[in-house]
Amino acid sequence: MDDSQKNHLKSYGIAYWTLQNNHEIHWLLNYRGGSFLLPLSKNIEDECKIRGVSYTVISDANVSQIMNEISSPEANMDAIKLEKPPKIAVYTPKGKKP
């Protein structure tokens, strides 16, 4: 989710939808702004198109390269495996008081 992603909140919705459909995903913290690594699936691609979420299809070799980059001790990045959707999610804009 770098600057090419038009609406970051929609990408979180795709991640949640993917988890609801029993797919495991990886949240790549600090990689291109916090990207999600999803399995290649026509259903997921179609849902991204419907919701207007940009995505890039990458090869297994590219996935390995990205994971190596993330695991480097010099990098301030991590890959978190997500297996099930959260029961609750809350979003509040910056500066909003409780």
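Trainee: What makes Glu47 and Arg51 a salt bridge?

Mentor: In this predicted model, the closest N and O atoms of Glu47 and Arg51 are 2.8 Å apart. The cut-off for a side-chain nitrogen of Lys or Arg and a carboxyl oxygen of Asp or Glu is 4 Å, so with 2.8 Å the pair qualifies.

Trainee: Where do Glu47 and Arg51 sit relative to each other in helix α2?

Mentor: They are four residues apart in that helix, which means about one helical turn separates them.

Trainee: Why is Glu47 called buried?

Mentor: Its relative accessible area is 16%. Buried means under 20%, so Glu47 belongs in that class. Its partner Arg51 has 28%, a value between the 20% and 50% limits, so Arg51 is called partly exposed.

Trainee: What other salt bridge is there in helix α2, between Lys42 and which residue?

Mentor: Lys42 pairs with Asp46, with 3.2 Å between the closest N and O atoms. That value is within 4 Å, so the name fits here too. Lys42 and Asp46 are also four residues apart in helix α2, which covers residues 42-51.

Trainee: Is Lys42 buried or exposed, and how do you know?

Mentor: Exposed: its relative accessibility is 58%, and the class begins over 50%. Asp46, at 26%, counts as partly exposed, because 26% lies between the two limits.

Trainee: How many salt bridges does a search of the whole structure find?

Mentor: Four. One of them joins the side chains of Lys81 and Glu24, at 3.2 Å from N to O. This pair links distant parts of the chain, 57 residues apart: Lys81 lies in strand β3, whereas Glu24 is in the loop between α1 and β1.

Trainee: Why do Lys81 and Glu24 count as partly exposed?

Mentor: Lys81 has 44% relative accessibility and Glu24 has 43%. Each value falls between 20% and 50%, so each residue is partly exposed.

Trainee: Which residues form a nonpolar patch on the surface?

Mentor: Leu9, Tyr12 and Tyr91 do, with about 330 Å² of accessible area together.

Trainee: What makes Tyr12 eligible for that patch, given its relative accessibility?

Mentor: Tyr12, found in helix α1, has 36% relative accessibility. A patch takes residues with over 30%, so Tyr12 passes that cut-off. At 36% Tyr12 is still only called partly exposed, because exposed would need over 50%.

Terms used. Residues numbered from 1 in each chain as written. Predicted model: local features only at pLDDT ≥ 70, side-chain atom pairs only at ≥ 80, totals over all residues. Heavy atoms only, no water. Helix = DSSP H or I, 4+ residues; strand = E, 2+ residues; numbered from the N terminus. Buried < 20%, exposed > 50% of the residue type's maximum accessible area, 1.4 Å probe, protein only. Patch = residues over 30% accessible without salt bridge, like charges linked within 9 Å, V, L, I, M, F, W, Y side chains within 5 Å. Areas by Shrake-Rupley, 256 points an atom, 1.4 Å probe, with all protein chains shown as cover.
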